[in-house]
Amino acid sequence: MNTTSAARTIPLNGMVRNALQQYFQDLNGHEPNDLYQLLLSEVERPLLETVMHYARGNQTRAAQALGINRGTLRKKLKQYGLDN
């Protein structure tokens with residue numbers, strides 16, 4: 001079994017759960033800091049990149065796919081330096 005087909009069998013929330021469990025193990029007793037913001041930035045950037053690619057750079061189409069308004073999308077694209 002290759003990793004692509006294995007990944008498809010785990011729902012996204014399961015992948016997030018697994019990643020967080022590994023993250024806490026890797027902390028090795030240290031306290032997490034700004035975990036919410038860390039998780040958002042780790043997930044939001046690739047989400048925006050992928051949806052913008054899918055929408056072929058069309059912000060209106062991407063915003064519709066994401067279920068957010070275009071102004072919010074533009075703000076987030078700028079936040080992650082994806083507004084080129």
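The largest pocket in this predicted model is lined by Leu-12, Val-16, Ala-19, Leu-20, Tyr-23, Leu-35, Leu-38, Leu-39, Glu-42 and Val-43. A pocket here is an open set of points on a 1 Å grid over the protein atoms alone, where a 1.4 Å probe fits and protein lies on both sides within 12 Å along at least five of seven lines; lining residues have an atom within 4 Å of a point. Beyond the pocket, there are 2 salt bridges to look at, and Glu-44 takes part in one of them.

**Ground rules**
- Numbering starts from 1 along each chain as its sequence is written, and side-chain values use heavy atoms, with hydrogens and water left out.
- Because this is a predicted model, local features need pLDDT of at least 70 and side-chain atom pairs count only at pLDDT 80 or more, while totals for chains, interfaces and linings use all residues.

**The pocket**
- Its volume comes to about 240 Å³, taken as the space filled by probe spheres set on grid points that are joined across faces, edges and corners.
- Helix H2 (12–27) and helix H3 (35–54) each put at least two residues into the lining; helices are DSSP runs (H or I, at least four residues) numbered from the N terminus.
- Sorted by type, the lining has 9 nonpolar residues, no polar ones and 1 charged. In this scheme Ala, Val, Leu, Ile, Met, Phe, Trp, Tyr, Cys and Pro are nonpolar, Asp, Glu, Lys and Arg are charged, and the others, Gly among them, are polar.

**Salt bridges**
- The count is 2, using a side-chain nitrogen of Lys or Arg within 4 Å of a carboxyl oxygen of Asp or Glu as the rule.
- Glu-44 and Lys-76 pair up at 2.8 Å, N to O. Glu-44 sits in helix H3 and Lys-76 in helix H5 (residues 70–79), so this bridge ties together parts 32 residues apart in sequence.
- Arg-45 and Glu-49 make a salt bridge at 3.2 Å, N to O. They are 4 residues apart in helix H3, which means about one helical turn separates them.
- Arg-45 is partly exposed at 32% relative accessible area, and Glu-49 is partly exposed at 37%; the cut-offs are under 20% for buried, over 50% for exposed and partly exposed in between (1.4 Å probe, protein chains only).

**A closer look at Glu-44**
- Glu-44 is buried, with a relative accessible area of 16%, whereas its partner Lys-76 is partly exposed at 22%.
- Leaving out residues up to four places away in sequence, Glu-44 touches Lys-76 and Tyr-80, where contact means heavy atoms within 4.5 Å.
- The side chains of Glu-44 and Tyr-80 share a polar contact of 2.6 Å. That term covers a pair of N or O atoms within 3.5 Å; within protein, one must be able to donate a hydrogen and the other to accept it, and residues adjacent in sequence count only if both atoms are side-chain atoms.
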